[in-house]
Amino acid sequence: MASRKIASVKKTVRKAAKAVRKQAVSARNKVAAVRAKAPARSKSAPKPAPKSAPKSAPKSAPKSAAPKSGAAATGALKLPPLHESTTSTGLKVIAAERGPLPLVSVRLVMRAGAVWDPPGKDGLADFTARLLRRGTKRMDADGISEAVEFVGASLYAGVNEDVLSVYLTTPAEHFSAMLDVLGQVVREPTFPEQEVVDARERALAQFANDLDDPSAIADRAFTRALWGDHPYGRDLGGIKRTVSTFTRDDVARFHAERMGPRVSMLTVVGALSPETVAAEAERAFAGWTGGPDTPPELPRKQAPLAKAGQVLLIDKPDQTQSQVRLGGPGFWLGHEDYFPATAMNIALGGGFTSRLMNEIRVNRGLTYGVSSYFDTMSAGGVFALSTFTKTASTREIIDVALEEIHGVRDGGLKTRELKDAQSYLAGLYPLRTETNESVASVIADIRMHGLGDDWVEKFRDRLRAVTPKDVSRVAKKYAFADRPVIVVLGKASEVKPLLEGLGPITVVPASEYE
């Protein structure tokens, strides 16, 4: 689910964000230095900038280096021109030249996510990603860290259900050297035995720590309850029972069988010519072999949830609060219902002024936070609600949440609510193309999930085209048309009587989710 994805990479994201901020400061300083050295224009004969061009635009800047489209909410929003090539090993490369800051962001995406973990090895994709930086045939872990940090770059890997991604952000002048490092960690990682042992021990220690995090346990239980035996029901980081069996051979086998050029795509965005990117990609990934010949895919089929209408109660006797999760079927990435469903959710529970927030927090004071969301993957998705409350108000918060969700299901949205949701989303969306890093990720997502190259350009038009009738249609499909899966974590002896009448109740100890 959304929260478990965040939890699985928060440490690496935090580290990467710090590095990116450092790079941005360095880049701005370089730009400032260049401008300071530029000869001042004569005060007696100023040369006004053309009205059609921003004053700050470099006179010789290429078209793709123009200020970011969509900086204003009402302006046109477009991606830079995309230049495609393929290396001799079969790696697809997409280059987007974009300036003026001398920073380059790279995202290498492979169809080697958690759904492709071998049987009984849940979490192996994530475990493998964590070990990529721990040594190659030419560099040990310290050498990789020193090389990256010396030039002010960042390099990290992460996994979601569908893909394994490696992220690189570097000053443009060091792109060649840093792409070589990235090429090494994906082509020839050595997975030293001691590094595997240390990573396994850290993971097992984290599972023990998670038992003290009620939200993490609830999310893990919720995922399993929603998806059952489907590959999306696996925890991204695995569980104690599976991770404790991981060996170096497991990691090396996953790398050889699942990670390769023909199931990967390299996206490069920044102040570099497409020709330079293509040539450097050919050099950095020369000789890369392994992985499937064609990208693996799960069939797209959104079936009813096996445990719909059932209640799973996770017993944690020391709790004075209840973690509450409700969930039902959703849709996959790129589904035709995306825009009306997204607008519906913003008004229902995806914003601070939503119906759920107003009724549950503002009017009744049952919690500090409640949200609903669509969690979408390549082959399916869910619609879910997440919140918490004191033990005594567990049933009340569930009843009120269901009442608000069913209210939208049966009555749709008011015209004003829909317009506000559309304006809110349309105003936020340009942030998706603010930085080279975000543009690289958008391009990768568009191509990996078949969203179409006009996704960014037409996003706001498609959003604004949503009508109340469209919202009513999707609300009847996704706003718990059937009884939802309900997961509650709390003190079972006090909570269970409150849940009577919601469906069959199954009680399990929190230790089941270590």
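A residue is called buried here when its relative accessible area is under 20%, exposed when that area is over 50%, and partly exposed in between (1.4 Å probe, protein chains only). Helices (H or I, at least four residues) and strands (E, at least two) are DSSP runs, numbered from the N terminus. The model is predicted, so local features need pLDDT of at least 70 and side-chain atom pairs count only at pLDDT 80 or more, while totals for chains, interfaces and linings use all residues. Residues are numbered from 1 along each chain as its sequence is written, and side-chain values use heavy atoms, with hydrogens and water left out.

Helix α2 is a handy place to start. This helix spans residues 124-131 and is mostly covered, with seven of its eight residues buried. Those buried residues are Leu124, Ala125, Asp126, Phe127, Thr128, Ala129 and Leu131. They pack against β4, β5, α5 (193-210) and α8 (248-258), where contact means heavy atoms within 4.5 Å.

Strands β4 and β5 lead on to a sheet. Two strands pair if DSSP finds at least two bridges between them. Six strands make up this open sheet, lined up as β1-β2-β6-β3-β5-β4, and the pairing is mixed. At the edges sit β1 (83-86) and β4 (154-159), each of which pairs on one side only. From one strand to the next, the twist averages 15°. Angles like this run from 0 to 180 degrees between N-to-C directions, and the axes are lines fitted to C-alpha atoms, for helices over the stretch in contact. Edge strand β4 is joined by six bridges to β5 (residues 164-171), and the two run antiparallel. Ser154, for instance, stands opposite Thr169 in β5.

Two helices lie across this sheet. Helix α4 (residues 175-187) crosses β3 (103-110), β4, β5 and β6 (264-270), and runs at about 160° to β5. Helix α9 (residues 274-284) lies across β1, β2 (92-97) and β6, at about 150° to β2.

Strands β3 and β5 turn up again around a cavity. On a 1 Å grid over the protein atoms alone, a cavity is a set of points where a 1.4 Å probe fits but cannot get out, and lining residues have an atom within 4 Å of a point. Grid points are joined across faces, edges and corners, and a volume is the space filled by probe spheres set on the points. A search of the whole structure turns up two cavities of 30 Å³ or more, and the second largest has a volume of about 40 Å³. Its lining is made of Ser105, Val106, Arg107, Tyr167, Leu168, Thr169, Glu437, Ala440 and Ser441. The elements giving two or more residues to that lining are β3, β5 and α14 (436-448). Sorted by class, the lining has four nonpolar, three polar and two charged residues; Ala, Val, Leu, Ile, Met, Phe, Trp, Tyr, Cys and Pro count as nonpolar, Asp, Glu, Lys and Arg as charged, and the others, Gly among them, as polar.

There is another open sheet of six strands, with the order β9-β10-β8-β11-β7-β12 and mixed pairing. Its edge strands are β9 (370-376) and β12 (505-509), each pairing on one side only, and the twist averages 20° from one strand to the next. Helix α10 (residues 338-350) lies across β9 and β10, running at about 160° to β9.

Strand β8 has seven of its nine residues buried, so it is largely enclosed by the rest of the structure. Nine bridges tie β8 (residues 321-329) to β10 (residues 381-390), and these two run antiparallel. Within that pairing, Gln323 is the bridge partner of Phe388, and Val324 is the bridge partner of Thr387. Five bridges also join β8 to β11 (residues 485-490), again antiparallel, and here Val324 stands opposite Val488.

Finally, a couple of individual residues. Leu305 lies in the loop between α9 and β7 (311-315), and counts as buried because its relative accessible area is 10%. Leaving aside neighbours within four places in sequence, Leu305 is in contact with Leu226, Gly327, Gly328, Pro329 and Val485. The C-alpha atoms of Leu305 and Trp227 are separated by 7.0 Å, although these residues are 78 residues apart along the chain. Arg220, found in helix α6 (residues 214-227), also counts as buried because its relative accessibility is 7%. Not counting residues up to four places away in sequence, Arg220 touches Phe207, Asp210, Asp235, Tyr513 and Glu514.

Key: 1 Å grid on protein atoms, 1.4 Å probe; cavity = no way out; pocket = protein on both sides within 12 Å on 5 of 7 lines; lining within 4 Å.
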